[in-house]
Amino acid sequence: NLLIIVHGMTGGSESLYIRDISEGFSHNYSVVTIHARGINDTPLITPFVYCAASTEDVANALRHLRKNYSFKHVFLMGISMGANITYKLLANNYEFNDYLTGFINISNFFHQLTSVQKNKDTLTDYFLVKL
């Protein structure tokens, strides 16, 4: 079993809440944290900085894990801004439907379904789902 964690905007793999979650699941799961580029003094070795609107880093990490490691069950946990990034990724990219067993959305700062329904075909809809 694998648990993949995507931290919030000011989090990171060294954050206390990420460590606590990892430790809590470590007895039954292998745990991976996708640490955003340039966050919390991580050296930035690419010409691109962290962008909360981009899902490509998470998608690339999922592709890498799927290609190189075999797990019976794979769960994705997004926390705060990480919940929004992973939600957007899964809403717009069905590539991982056969890979992921489940998705956990924690501390999302707004209600996704209500927001999508209220903002259908607006500029906000474009940024929430389509961008």
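Me: How many of the 12 residues of H3 are buried?
Reply: Heads-up, this is a predicted model: local features need pLDDT of at least 70, side-chain atom pairs count only at pLDDT 80 or more, and totals for chains, interfaces and linings use all residues. Residues are numbered from 1 along each chain as its sequence is written, and side-chain values use heavy atoms, leaving out hydrogens and water. Buried means under 20% relative accessible area, exposed over 50%, partly exposed in between (1.4 Å probe, protein chains only); helices (H or I, at least four residues) and strands (E, at least two) are DSSP runs, numbered from the N terminus. H3 is largely enclosed by the rest of the structure, because its buried count is 9.

Me: How far apart are the end C-alpha atoms of H3?
Reply: The expected span of a helix is 1.5 Å times one less than its number of residues. For the 12 residues of H3 that should come to 16 Å, and the model agrees, with the ends apart by 17 Å.

Me: Which element gives the most residues to the largest nonpolar core?
Reply: A nonpolar core is a set of buried Ala, Val, Leu, Ile, Met, Phe, Trp, Tyr and Cys residues joined through side-chain atoms within 4.5 Å. The largest one has 18 residues, with Ile4, Val58 and Leu62 among those with the most contacts inside it. Strand E1 (2-6), helix H2 (56-68), strand E3 (74-79) and helix H3 (81-92) each put in at least two. With 5 residues, the top contributor is H2.

Me: Which residues does leucine 76 touch, ignoring those up to four places away in sequence?
Reply: Contact means heavy atoms within 4.5 Å, and Leu76 is itself among the residues with the most contacts inside the largest core. Its partners are Ile4, Val6, Leu62, Thr86, Leu90, Leu100, Gly102, Phe103 and Ile104.

Me: Is serine 22 buried or exposed?
Reply: Serine 22 sits in helix H1 (residues 16-25). Beyond its neighbours within four places in sequence, serine 22 is in contact with Ile5, Val31 and Thr33. Its relative accessibility is 17%, which means that serine 22 counts as buried.

Me: What share of the chain's contacts with a separation of 6 or more comes from residues 24 or more positions apart?
Reply: The chain has 5 helices and 4 strands, running β-α-β-α-β-α-β-α-α along the sequence. For contacts with a separation of 6 or more, residues 24 or more positions apart account for 74%.
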